[in-house]
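Here's a quick briefing on how the strands and helices of this chain fit together. Have the model open while you read.

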Amino acid sequence: MQTTSEIRSLRSQVKAWRQAGLSVAFVPTMGNLHEGHFSLVDKAKTLADKVVVSIFVNPMQFGANEDLDAYPRTLQQDQQGLSERGADYLFTPTVDTIYPNGLGSQSFVDVPEVSMGYCGGSRPGHFRGVATVVTKLFNLVQPDFACFGEKDFQQLQVIKTMVRDLSIPVEVIGVPTQRDVNGLALSSRNGYLSDAQKQQATVLFATLNWVKEQLLDGIKDFADLEQQAKARIAAAGLVVDYFSIAERNTLRRAEQQDSQLVILAAAFVDKVRLIDNLPLDCK
């Protein structure tokens, strides 16, 4: 696996692959990789001849008082894991490479409506930062496919909408959430949790499954289900950020006639914010 932090080297390699008639899949990450990230690489390898992974902790998507400085950087470990998983190329740009004129004068990409509420409501400006850096990375890598985890469901819908609206020639692929043996969605932030807190956090997925069962049984009082779910999570000692039942493609609040749904949840275990979701089809 080759590694570079230089745009010129990246573009030169991708150009050579293109001239050889090879296809390219891309996995953008912020590093501190775990099995969830590696599952994206596995999927990318089934889609294209070559796989490019990026590691870039994007300051534009972090708000005030968020954990930008504390975000774990584990480059050597990440390189080893990616090499073992068969990635072909690792792009590790610096902040100055991505934002040479600073964040204050950087053009940005806003994706309306689908960015609103949920994580977008709790983290103002977050999805502007995500959309901007992903657009820039797409322009640098110019992949045929890009793989994103379904755990960050709103992010996935934001990127799909952005690609459609801006006619970006990349097929965005959602990859199912990877979980530990207790059902907790794998996340870099899980590293901040003690074993006891990880066990405590399993209430999030358990509650998502309970709500899914109610919906599949034909219960359509969404507001009541949401309130019961929040109470269950709070009773386990978590602080609920949001718990919502939404239409899966637009992320607007679910209505009685909707059949494609997603249950979205976020909650704090101490100071650690965890997110999860569960898509489902109802009759």
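V239 has F268 in β8 as its bridge partner, one link in a run of eight bridges that joins β7 to β8 in antiparallel fashion. Keep in mind that you're looking at a predicted model. Two sheets and a helix are the topics below.

**The antiparallel sheet**

- β7, β8 and β9 line up in that order as an open, antiparallel sheet of three strands.
- Its edges are β7 (239-247) and β9, each of which pairs on one side only.
- Ignoring direction, neighbouring strands here are turned by 10° against each other on average.
- Helix α10 (residues 222-235) packs on this sheet and touches β7 and β8, with its direction at about 150° to that of β7.

**The β8-β9 hairpin**

- β8 (residues 260-269) and β9 run antiparallel and are joined by 10 bridges; A266, for instance, is matched with I275 in β9.
- Two residues sit between the strands of this hairpin, and D270 takes a positive phi near 60°.
- Edge strand or not, β9 (residues 272-281) is mostly covered, with eight of its 10 residues buried.

**The parallel sheet**

- The other sheet to look at is open and parallel, with six strands in the order β1-β4-β3-β2-β5-β6.
- β1 (2-4) and β6 (171-175) are the edge strands, each pairing on one side only.
- From one strand to the next, the twist averages 25°.
- At the β6 end, β5 (residues 145-149) and β6 pair in parallel over five bridges, and C147 has I173 in β6 as its bridge partner.
- Helix α1 (residues 7-19) packs on the sheet, touching β1, β2 (24-29), β3 and β4, and its direction makes about 150° with that of β4.
- α3 packs on the sheet too, touching β1, β3 and β4, at about 165° to the direction of β3.

**Helix α3, inside and out**

- Which residues of α3 (residues 75-85) are buried? D78, G81 and L82 are.
- These three lie on the same side of α3 because they cover an arc of only 95° around the axis.
- That fits the usual helix geometry: with 3.6 residues a turn, residues three or four places apart point the same way.
- Flip to the face turned away from the buried side and you'll find the exposed residues Q76, Q80 and E84.
- The cover over the buried residues of α3 includes α2 (35-47), β3 (50-55) and β4 (89-91).
- Right behind α3 comes G86, with a positive phi near 95°.

Notes
Residues are numbered from 1 along each chain as its sequence is written. This is a predicted model: local features need pLDDT of at least 70, side-chain atom pairs count only at pLDDT 80 or more; totals for chains, interfaces and linings use all residues. Side-chain values use heavy atoms; hydrogens and water are left out. Buried means under 20% relative accessible area, exposed over 50%, partly exposed in between (1.4 Å probe, protein chains only). Helices (H or I, at least four residues) and strands (E, at least two) are DSSP runs, numbered from the N terminus. Two strands pair if DSSP finds at least two bridges between them. Axes are lines fitted to C-alpha atoms, for helices over the stretch in contact, and angles run from 0 to 180 degrees between N-to-C directions. Contact means heavy atoms within 4.5 Å. The arc is that of the directions from the helix axis to the C-beta atoms.
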